[in-house]
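Me: I should like to learn how to read a structural model feature by feature. Could you take me through one?

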Amino acid sequence: TGRFVEKKGLIYALMAFKAVREKFKCFEFRIIGSGPCQNEIETYIRDNNIQDFVRLLGFLSYEEYLEEMQGADIFIHPSVEARDGGSEGGAPTTILEAQASGMPVLSTYHADIPNIVVPGKSALLSKERDVSGLVENITFLLENQHKWREMGEAGRAFVEQYHDIRNEVKHLEAHYAMLIGVGSEVTC
């Protein structure tokens, strides 16, 4: 899920799923989004003859996106630093939403991603642009489907503990209160 730009690493996910398809036949890779790299993505799919298991769903409304997420088993978001230096610059919200929905996550050691998942418990991470690492992680999850629920529960618990808006508002308000208190004691 995301904009079709280099930093999302979609091309590496396609490469990995192409390799995994040689061993596993019963899966579909569904991709939500569109963007500047659309032609490159479509060309890769066509040139590698993988359109039988890759579905480009295009841009979806938020409600449609959530519905798609509910029907998915695994979420992949293999972010990379783009050649122009572009990066996620933080934590992709879609990874938090995937964990909140109870899905195992496959991603990369990029930007803040390792800080918004529980590596090895809610998510399996690989290095950026590491297609073989992605293949290994996808293969592990496909061979160990009994782990999906456990990983999904770990992700959900992590999001509830550290990213629940009700808790975050309290922390933010306390921080503002501290700043106001500090600011009121300052004299010129």
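Reply: The turns below go from confidence and overall architecture to individual strands, residues and the surface. Please keep in mind throughout that this is a predicted model.

Me: What is the mean pLDDT of the protein chain, and over which residues is the pLDDT below 50?

Reply: One begins with the predictor's confidence in each residue. In this protein chain the mean pLDDT is 94, and 96% of the residues reach 70 or more. Over residues 183–188, however, the pLDDT is below 50, and this stretch has zero contacts in the model beyond near neighbours in sequence. Where pLDDT is low, predicted coordinates should not be read in detail.

Me: How many helices and strands are there in the protein chain, and what pattern do they follow along the sequence?

Reply: The secondary-structure elements are counted, then read in order. The protein chain has seven helices and five strands. Along the sequence, their pattern is α-β-α-β-α-β-α-β-β-α-α-α. As to extent, the C-alpha trace spans about 70 × 40 × 30 Å along its principal axes.

Me: Which percentages describe burial, contacts and exposed area for the protein chain as a whole?

Reply: Three totals may be read together. Of the 188 residues, 41% count as buried. Among contacts between residues at least 6 apart in sequence, 67% join residues at least 24 apart. The chain exposes about 10,800 Å², of which carbon and sulfur atoms supply 52%.

Me: How do strands β3 and β4 run, and how many bridges join them?

Reply: For a pair of strands, one reads the direction, the bridges and then the facing residues. Strand β3 (residues 75–77) and β4 run parallel and are joined by three bridges. Within this pair, Ile 76 stands opposite Leu 106 in β4.

Me: Which way do the residues of strand β4 point, and are they buried or exposed?

Reply: Here one reads side-chain direction together with accessibility. From strand β4 (residues 105–108), Val 105 and Ser 107 point one way, whereas Leu 106 and Thr 108 point the other way; all are buried.

Me: Where is Ser 126, and is Ser 126 buried or exposed?

Reply: For a single residue, one reads its element, its accessibility and its contacts. Ser 126 lies in strand β5 (residues 123–126). Ser 126 counts as buried because its relative accessibility is 3%, and the cut-off for buried is under 20%. Leaving aside residues up to four places away in sequence, Ser 126 touches Ser 107, Thr 108, Tyr 109, Gly 133, Leu 134 and Asn 137. Two of these partners, Ser 107 and Thr 108, have already appeared in strand β4.

Me: Why does Met 15 count as partly exposed, and which residues does Met 15 touch?

Reply: The reading is made in like manner. Met 15 belongs to helix α1 (residues 10–21), and its relative accessibility of 30% is why Met 15 counts as partly exposed. Not counting residues up to four places away in sequence, Met 15 touches Tyr 44 and Val 131. The C-alpha atoms of Met 15 and His 77 are separated by 13 Å, with their positions 62 residues apart along the chain.

Me: Which residues form a nonpolar patch on the surface, and how does helix α7 enter the picture?

Reply: A patch is read through its members and their joint accessible area. Leu 172, Tyr 176, Met 178, Leu 179 and Ile 180 form such a patch, with about 520 Å² together. Leu 172 is found in helix α7 (residues 165–185) and counts as partly exposed because its relative accessibility is 43%. Helix α7 also holds Lys 170, which counts as exposed because its relative accessibility is 57%.

Conventions
Residues are numbered from 1 along each chain as its sequence is written. This is a predicted model: local features need pLDDT of at least 70, side-chain atom pairs count only at pLDDT 80 or more; totals for chains, interfaces and linings use all residues. Side-chain values use heavy atoms; hydrogens and water are left out. Helices (H or I, at least four residues) and strands (E, at least two) are DSSP runs, numbered from the N terminus. Buried means under 20% relative accessible area, exposed over 50%, partly exposed in between (1.4 Å probe, protein chains only). Contact means heavy atoms within 4.5 Å. pLDDT is the predictor's confidence in each residue, from 0 to 100. Patches are made of residues with over 30% relative accessible area and no salt bridge: like charges are joined within 9 Å, nonpolar side chains (Val, Leu, Ile, Met, Phe, Trp, Tyr) within 5 Å. Accessible areas come from the Shrake-Rupley method with a 1.4 Å probe; for residues, only the protein chains shown count as cover. A salt bridge is a side-chain nitrogen of Lys or Arg within 4 Å of a carboxyl oxygen of Asp or Glu. Two strands pair if DSSP finds at least two bridges between them.
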